[in-house]
There are 2 protein chains.
Amino acid sequence: MAATSATLDTVAALAGVSRQTVSNALHHPDRLKAATRDRVLDAVRRSGYRPSLPARQLATRRAHAIAVRADPQQDGISGLVLDTFFHGLAEAGHDNGLRVVLYPAQATQEEEVALVDDLLHSRAADAVVLTATSATDERPTYLAATGQTFCAFGRPWGHADAPHDWVDVDGAAGTTLAVNHALERGCRRIAFLGWPDDGATGADRRRGWAEALDAAGVPGPRREDAAVNFAEGAEAAARRLLDLPAGERPDAIVCVSDTLAFGAHRAAATSPAAGDPPLVIGFDATPVARALGLPSVAQPIREAAHACLDLLVPRLAGEDPPARGVLLAPSLALPSH
Amino acid sequence: MAATSATLDTVAALAGVSRQTVSNALHHPDRLKAATRDRVLDAVRRSGYRPSLPARQLATRRAHAIAVRADPQQDGISGLVLDTFFHGLAEAGHDNGLRVVLYPAQATQEEEVALVDDLLHSRAADAVVLTATSATDERPTYLAATGQTFCAFGRPWGHADAPHDWVDVDGAAGTTLAVNHALERGCRRIAFLGWPDDGATGADRRRGWAEALDAAGVPGPRREDAAVNFAEGAEAAARRLLDLPAGERPDAIVCVSDTLAFGAHRAAATSPAAGDPPLVIGFDATPVARALGLPSVAQPIREAAHACLDLLVPRLAGEDPPARGVLLAPSLALPSH
DNA sequence: TTGTAGGCGTTATCAT
DNA sequence: ATGATAACGCCTACAA
């Protein structure tokens with residue numbers, strides 16, 4: 001009801017106690033006589049008192065917030081569904097008394113590192129969550145070197161020397177799921193459609209495909225091709241696979257992304273079918289895969305966000321988290337009909 | 001270089017001035033003699049000084065932050081692409097010295113309103129950006145009633161009595177674009193596939209379709225059907241339209257969402273074609289429409305985010321923004337090939 | 001069990 | 001052109 005917001009002093013005056021008693025009533029109720037506590041809490045209610053976050057931050061020297069980058073990416077057909085990750089962070093953060101602040105992606109890594117540095121040093125945030133880390137990423141190196149608190153969504157691929165907290169999804173396990181699904185459906189010639197560059201993520205997913213075939217003891221030549229994340233290129237690459245002689249023509253194509261799966265799906269639909277059309281399996285379970293009715297490997301994004309906080313919360317409390325890194329298992333999203 | 005972060009006092013000692021002079025050097029450079037100012041600024045550099053955000057917040061009684069809701073929505077096939085909106089807010093916010101804090105969506109509107117209330121009163125944020133407002137939305141009413149600063153992405157459909165700042169995209173203009181595109185492509189029987197409930201957004205988009213046909217003076221009966229945002233239902237509804245007698249069969253279907261467009265696309269592909277397949281046009285320019293090669297109305301999400309800040313920034317400065325509401329024009333995203 | 005004192009780092013006001 | 005002083009609202013000692 002107060003036009004100007006109530007402070008500890010307001011409440012103290014209202015309850016006829018000192019402001020420290022009010023503070024105790026809120027944070028250490030057991031230290032007060034029940035009668036006083038109730039009287040104080042009642043005054044809190046009536047005054048509409050809300051603790052001032054800035055004041056608390058100043059006194060505790062903690063922002064009680066974590067920062068995460070807002071990516072300008074438009075290409076929702078592939079890659080992280082950041083919406084979900086953001087919500088997971090906000091949710092898990094809220095449960096732990098941490099707010100989530102967004103910072104805009106910068107043009108260069110140097111600028112981004114400078115911005116993060118600023119957020120941390122100005123105590124706008126206590127820690128950072130990095131997304132989409134890669135081997136050529138300088139951000140983890142820098143943050144680790146300067147002793148900042150952070151957690152990466154993505155393994156420290158090329159940085160065994162600078163270990164840090166991380167959360168990732170087991171890509172190889174995902175493609176293994178895909179291969180096993182294809183095998184159960186009776187497929188025998190299971191091809192792989194990957195990315196041309198041998199980045200760590202792509203290599204990991206490819207490995208899951210190869211190992212699953214090894215484990216199943218599937219004979220015959222293994223076919224694979226590659227394309228960048230662009231539907232037309234993927235369609236052409238898939239067509240190369242499908243144009244193989246009848247005995248070698250794949251009856252399933254495991255794809256490294258839904259974008260490639262989309263291209264493969266188009267190729268499969270227009271290829272002169274020798275028998276059943278091949279089974280196309282995507283990666284990321286985006287709306288595109290769902291719309292096309294393709295199976296696709298689903299990453300547990302929400303769980304990843306929660307896992308990040310499971311690492312950061314102890315870290316911020318000065319303790320060591322239970323593990324340095326968390327590897328989450330994906331699942332296979334099957335079409336609904 | 002300092003292990004413990006530098007404060008105004010640190011810098012002041014280093015430069016041999018008082019801390020107030022340091023503050024002035026940073027915020028009111030004109031009040032200082034050039035020599036002193038340079039000396040101070042140099043000390044700032046050397047000490048690696050970063051202003052403490054909490055301290056500034058406490059002193060200025062402003063959070064220098066805005067809050068926005070993180071939605072758990074999984075259904076990326078339709079609706080806002082929140083990633084883009086978030087990035088736009090973070091970007092525009094950064095340019096205006098405002099951080100963006102995310103709050104998790106709550107189960108009920110009451111809980112959400114309580115949470116927002118908390119953020120604002122605890123000075124974790126100075127204002128809120130509401131997304132996905134509707135006529136049955138109590139959030140604007142409450143926030144306006146309690147005099148909070150906020151901006152809604154979505155018109156105050158049913159709340160002419162409680163005006164507030166808003167930004168929206170002109171849905172009718174979008175479907176008009178779609179109809180005109182169909183006309184240019186030679187279509188004459190342009191149907192509409194909408195939502196069954198007559199919510200304001202859906203009605204607005206339907207109006208654009210009807211008015212464009214009026215303006216063009218297109219003769220003949222107008223066909224329309226409706227379905228909820230679910231591909232199968234949309235497919236059935238589209239099939240009802242396509243099963244009309246040859247002379248009445250639509251040669252174009254303007255859809256209220258990409259989800260419905262997806263269903264219509266499937267229906268068009270499997271319907272016994274009497275001549276060319278109908279032109280299907282979607283709404284929202286999601287990756288699904290792009291993947292299917294459908295034209296789709298694109299909302300200027302990034303611009304909308306910037307527009308929100310154009311309203312909020314003056315409002316937070318105590319001034320009136322140039323306008324109460326901003327209505328942005330969509331564009332038509334054509335398939336790339 | 002309760003109250004007092006001091007500090008967190010900044011900005012605003014008013015002297016000098 | 002500078003500097004001293006007093007908030008801002010909370011928290012953590014330590015006293016009473």
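Which base oxygen lies 3.1 Å from a polar side-chain atom of A:Gln20? Here are my notes on that and a few other spots worth clicking on.

1. **What you are looking at, and the opening question.** This is a predicted model, so please read every distance below as computed from it. The base oxygen belongs to DNA strand D, and a polar side-chain atom of A:Gln20 sits 3.1 Å from it. A:His27 also reaches strand D, but at the backbone of the DNA: a polar atom of its side chain is 3.0 Å from a phosphate oxygen. From the other chain, B:Lys33 uses a backbone N or O atom, which is 3.1 Å from a phosphate oxygen of DNA strand D.

2. **The whole surface around strand D.** Zoom out a little and you'll find 25 residues surrounding DNA strand D, with A:Leu8, A:Tyr49, A:Arg56, B:Thr21 and B:Thr36 the closest. Of the strand D atoms that come within 4 Å of the protein, 64% are sugar and phosphate. Both protein chains take part here: H2 and H4 of chain A, and H2 and H4 of chain B, each supply at least two residues. H2(A) gives the most, with 4 residues. Sorted by class, this surface has 9 nonpolar, 9 polar and 7 charged residues.

3. **Now strand C.** Here 26 residues surround the DNA, and the closest are A:Thr21, A:Thr36, B:Leu8, B:Gln20 and B:His27. Among the strand C atoms within 4 Å of the protein, 66% belong to sugar or phosphate, and the rest belong to bases. By class, you get 9 nonpolar, 10 polar and 7 charged residues on this surface.

4. **Three contacts to find on strand C.** Start with A:Thr36, where a polar side-chain atom lies 2.4 Å from a phosphate oxygen of DNA strand C. Next, try B:Leu8: here a backbone N or O atom is 2.7 Å from a phosphate oxygen of the strand. Finally, go to B:Arg19, whose side chain has an N or O atom 3.1 Å from a base oxygen of DNA strand C. The elements giving two or more residues to the surface near this strand are helix H2 (19-27) and helix H4 (53-60) of chain A, plus helix H2 (19-27) and helix H4 (53-60) of chain B.

5. **Helix H3 of chain B: a helix with a buried face.** H3(B) covers residues 34-47, and its 14 residues should span 20 Å; the end C-alpha atoms are 20 Å apart, so the two values agree. Its buried residues are B:Thr36, B:Val40, B:Ala43, B:Val44 and B:Ser47. Look down the helix axis and these buried residues fall within an arc of 105°, so they line one face. As background, an α-helix has 3.6 residues a turn, so residues three or four places apart point the same way. Turn to the face away from the buried side and you'll see the exposed residues B:Ala35 and B:Arg45.

6. **Helix H5 of chain A: mostly covered.** H5(A) runs over residues 82-95, and its 14 residues reach 20 Å from first C-alpha to last, close to the 20 Å expected. Of these 14 residues, 11 are buried; they include A:Phe85, A:Phe86, A:His87 and A:Leu89. Just after the helix, have a look at A:Gly97, which takes a positive phi of about 70°.

7. **Are those cysteines bonded or unbonded?** A disulfide is a covalent bond between the sulfur atoms of two cysteines. The count over all chains comes to 0 disulfides. A:Cys308 is in none, and the nearest cysteine sulfur, that of A:Cys151, is 3.7 Å away. In chain B, the sulfur of B:Cys151 is 3.7 Å from the closest cysteine sulfur, in B:Cys308, which is too far for a bond. With 0% relative accessibility, A:Cys308 counts as buried, and B:Cys151 also counts as buried at 0%.

8. **Two last residues to click on.** A:Thr176 is in helix H8 (residues 171-184) of chain A and is partly exposed, with a relative accessible area of 23%. Its C-alpha is 8.6 Å from that of A:Arg207, 31 residues apart along the chain. B:Gly186 lies in the loop between helix H8 (171-184) and strand E6 (190-194) of chain B, and at 48% relative accessibility B:Gly186 counts as partly exposed. The C-alpha atoms of B:Gly186 and B:Ser122 are 59 Å apart, with these positions 64 residues apart along the chain.

Conventions. Residues are numbered from 1 along each chain as its sequence is written. Chains are lettered from A and ligands numbered from 1 in the order in which they are written. This is a predicted model: local features need pLDDT of at least 70, side-chain atom pairs count only at pLDDT 80 or more; totals for chains, interfaces and linings use all residues. Side-chain values use heavy atoms; hydrogens and water are left out. A residue is near a molecule or strand if one of its heavy atoms lies within 4 Å of it. A polar contact is a pair of N or O atoms within 3.5 Å; within protein, one must be able to donate a hydrogen and the other to accept it, and residues adjacent in sequence count only if both atoms are side-chain atoms. Ala, Val, Leu, Ile, Met, Phe, Trp, Tyr, Cys and Pro count as nonpolar, Asp, Glu, Lys and Arg as charged, and the others, Gly among them, as polar. A disulfide is a pair of cysteine sulfur atoms within 2.5 Å. Buried means under 20% relative accessible area, exposed over 50%, partly exposed in between (1.4 Å probe, protein chains only). The expected span of a helix is 1.5 Å times one less than its number of residues. The arc is that of the directions from the helix axis to the C-beta atoms.
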